[in-house]
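Colleague: I would like to go through this one with you. Please back each label with its reason.

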Amino acid sequence: MKLWLVRHARTTAREGLCYGRTDVVADPAQTQEAAARLHSQLPPSVRVRCSPASRCRVLADAMARHRPGLAITIDPALREMDFGTWENRLWDDIGEAAMSQWTADFAGHRPGGGENVREMLARVSQALNEERALGEAAVWVTHAGVIRAARLCLAGATEIRSAMDWPSTPAPFGAGEPHEVF
């Protein structure tokens, strides 16, 4: 079965802002371009699971305009990581000491008091298990962090030991990547 992991379009948020679960706006023109491009890349019948964030929902809705009847399910398991008090702060303003605490215990530390990577991996792994059980082609419209976690899970990782294990390359804005799910 194929699963397409799709990242929302670029946001209008300030460059370098930690926005995690904060509901920031996606660029409307880039959202429409991404929907048209994805329409031509995806198979005719797929299910869509979408993060509840508006930046993801607008892309899923734009995709549905190209495919009337496209079934979209809003799924909280696909939301971005919660960065607690770090949300809406510039990454540069969070500070080296706080970032060092996180990288020292990358899986277990709660950046800004929010969610830890271990919890995020567990919810993404559970969502992947649900996809496996359904056995149908699917699209997830989600976030860079969720896509990184899904890549790890699809590669067989059940835990992460250090920040060095975390995929360093984010999915491009408004793009999808296909994966075989077994």
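**Strands and their partners**

Modeller: Strand β1 is joined to strand β7 (residues 176-180) by 5 bridges, and the two run antiparallel. Keep in mind that this is a predicted model.

Colleague: What makes β1 and β7 a pair?

Modeller: Two strands pair if there are at least two bridges between them. β1 and β7 have 5 bridges. Therefore they count as paired. Here is one bridge: Trp4 has Pro178 as its partner in β7.

Colleague: How do you know that β1 also pairs with β6?

Modeller: The reasoning starts from the bridges again. There are 5 bridges between β1 and β6 (residues 138-142). The cut-off is at least two, so β1 and β6 are a pair. These strands run parallel. For Leu5, the bridge partner in β6 is Trp140.

Colleague: Why is β1 called largely enclosed?

Modeller: Strand β1 covers residues 2-7, and 5 of its 6 residues are buried. So β1 is largely enclosed by the rest of the structure.

**One residue in a helix**

Colleague: Why is Ala62 called buried?

Modeller: Buried means under 20% relative accessible area. Ala62 has 0%. So Ala62 is buried. This residue sits in helix α2 (residues 54-66).

Colleague: Which residues does Ala62 touch, leaving out those up to four places away in sequence?

Modeller: Ala62 touches Thr31, Gln32 and Ala35. For a distance along the chain, take Leu78, which is 16 residues from Ala62. Their C-alpha atoms are separated by 18 Å.

**The whole protein**

Colleague: How many helices and strands does the protein have?

Modeller: There are 6 helices and 7 strands. Starting at the N terminus, their order is β-β-α-β-α-β-β-α-α-α-β-α-β.

Colleague: What makes the protein as compact as a globular protein of its length?

Modeller: Set the value against the rule. The radius of gyration is 16 Å, and the globule rule gives 16 Å for 182 residues. The two are close, so the protein is as compact as a globular protein of that length. Its C-alpha atoms fill a box of roughly 50 × 35 × 25 Å along the principal axes.

Colleague: What share of the residues counts as buried?

Modeller: Of the 182 residues, 48% do. The accessible surface is about 8,800 Å², with 52% belonging to carbon and sulfur atoms.

Colleague: How many side chains are positive, and how many negative?

Modeller: The protein has 21 positive and 22 negative side chains. The centres of the two sets lie 3 Å apart.

Methods
Residues numbered from 1 in each chain as written. Predicted model: local features only at pLDDT ≥ 70, side-chain atom pairs only at ≥ 80, totals over all residues. Heavy atoms only, no water. Buried < 20%, exposed > 50% of the residue type's maximum accessible area, 1.4 Å probe, protein only. Helix = DSSP H or I, 4+ residues; strand = E, 2+ residues; numbered from the N terminus. Rg over C-alpha atoms; globule rule 2.2 N^0.38 Å. Areas by Shrake-Rupley, 256 points an atom, 1.4 Å probe, with all protein chains shown as cover. Lys, Arg positive; Asp, Glu negative; His and termini not counted. Charge placed at Lys NZ, Arg CZ, Asp CG, Glu CD. Contact = heavy atoms within 4.5 Å.
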